[in-house]
Amino acid sequence: MSSGTGGLFVSHANTRSRYEVCREWLRERLLVANDLLWQGARICLATSFWMPLVDYLRVLKSPDKARLTPLHRALASIRRRASRDPKFYDYGHGYFYQSLEPLLVSGRRRTSERVHELELSALCDGRKVLDLGSNVCFLSLQLAQGALSVDCVDTNPYAIEIGKTAARFMDTRNISFEISDYMDFLRSCEDGTYDTVLLLSSHVSFDHTDSSHLDGLLDQCARVLAKDGTLIFESHPRFFEDRYSGMERTFHALTEHFAITRLGQLSYGSMLDRGRFVAYCRKH
Ligand SMILES: C[S@@+](CC[C@H](N)C(=O)[O-])C[C@H]1O[C@@H](n2cnc3c(N)ncnc32)[C@H](O)[C@@H]1O
């Protein structure tokens with residue numbers, strides 16, 4: 001991740017070469033095409049065919065095959081039920097949005113690499129963590145290995161069921177799961193409950209594209225954060241952010257509620273990762 005302090009967000013955009021601008025433009029068009037293909041035909045080559053095949057072969061070759069096979073079947077069964085329910089957007093495009101390497105599960109975003117690049121362990125180990133819009137909770141499960149506790153919140157019951165199933169398999173007990181709108185969950189929390197709050201690509205989403213809750217959401221995040229706690233915010237790729245909220249507007253709201261102590265832009269991973277902004281924030 002390229003990083004720096006305040007100002008990077010604006011200055012970085014101004015100093016990009018023509019090549020970088022073209023590369024970003026192309027990457028975003030490919031992401032849009034990928035989303036349109038998924039929405040129209042429910043096909044995504046990487047996740048509909050490639051990832052399930054790779055994981056099947058990895059499990060087949062694994063010395064832990066006898067334990068992993070029933071787990072992968074159980075996860076596949078939840079995914080099948082999820083795909084028949086049109087109420088929730090499938091961020092995994094037919095497979096998983098997050099990977100979980102210890103269980104040989106691939107995902108559109110590689111969890112271990114993400115934890116490393118965002119330096120999440122340093123801000124989660126030994127701490128009380130809240131993951132808002134946790135999706136299948138694989139990132140939370142990875143962080144729970146070092147954290148004091150991790151609370152996961154998501155509106156999608158299938159994603160939470162997948163997280164619970166994986167947690168049972170890993171015998172991870174310092175993690176909790178809540179099927180809820182995060183605004184409702186946050187309102188039920190006491191002031192200063194959490195050392196670290198994760199708001200990663202979930203402040204607006206395909207399920208909740210109306211961004212009018214952003215101020216209220218950030219206000220609640222600041223309230224539930226301990227005095228010296230950190231909010232870690234990850235933006236969407238710019239095309240998505242600009243369609244529903246506006247990158248500048250999102251960061252304006254963020255700075256109204258928090259002091260950004262560090263700002264970076266992701267430069268690792270797939271086209272779904274690269275170019276997103278990540279902000280580490282303290283309460284004013
Ligand atoms: C793009 S995914 C991001 C998942 C995860 N935070 C990550 O970065 O890997 C967005 C997730 O936020 C969840 N979400 C969106 N709006 C929500 C809300 N109001 N309350 C709870 N979860 C929400 C969606 O169900 C989805 O699982």
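A polar contact is taken here as a pair of N or O atoms within 3.5 Å. In the predicted model, such a pair links the ligand to Asp154, where a side-chain N or O atom lies 2.6 Å from a ligand oxygen atom. Arg114 likewise places a polar side-chain atom 2.6 Å from an oxygen atom of the ligand, and for Asn135 the distance between a side-chain N or O atom and a ligand oxygen atom is 2.9 Å. The protein buries 98% of the 600 Å² that the ligand exposes when taken alone.

The ligand is surrounded by 17 residues, of which Gln98, Arg114, Gly133, Asp154 and Leu200 come nearest. By class, this shell comprises 9 polar, 4 nonpolar and 4 charged residues.

The space taken by the ligand corresponds to the second largest pocket, which holds about 570 Å³. Its lining consists of 37 residues, with Tyr91, Ser201, Ser202, Val204 and Ser205 closest to the pocket centre. Helix H2 (18-41), strand E3 (149-154), helix H9 (182-187) and helix H11 (238-244) each give two or more residues to this lining. The lining of the second largest pocket divides into 15 nonpolar, 14 polar and 8 charged residues.

The largest pocket encloses about 810 Å³ of space. Among the 37 residues that line the largest pocket, Leu75, Ala76, Arg79, Gly94 and Tyr95 are closest to its centre. Two or more lining residues come from each of helix H3 (45-61), helix H4 (65-83) and helix H8 (157-170), and H4 gives the most, with 10 residues. In this lining, 20 residues are nonpolar, 8 polar and 9 charged.

Note on methods
Residues numbered from 1 in each chain as written. Predicted model: local features only at pLDDT ≥ 70, side-chain atom pairs only at ≥ 80, totals over all residues. Heavy atoms only, no water. Near = heavy atom within 4 Å. Polar contact = N/O pair within 3.5 Å; in protein donor to acceptor, adjacent residues only side chain to side chain. Areas by Shrake-Rupley, 256 points an atom, 1.4 Å probe, with all protein chains shown as cover. 1 Å grid on protein atoms, 1.4 Å probe; cavity = no way out; pocket = protein on both sides within 12 Å on 5 of 7 lines; lining within 4 Å. Sits in = over half its atoms within 2 Å of the grid points. Nonpolar A, V, L, I, M, F, W, Y, C, P; charged D, E, K, R; others polar. Points joined across faces, edges and corners; volume = space filled by probe spheres on them. Helix = DSSP H or I, 4+ residues; strand = E, 2+ residues; numbered from the N terminus.
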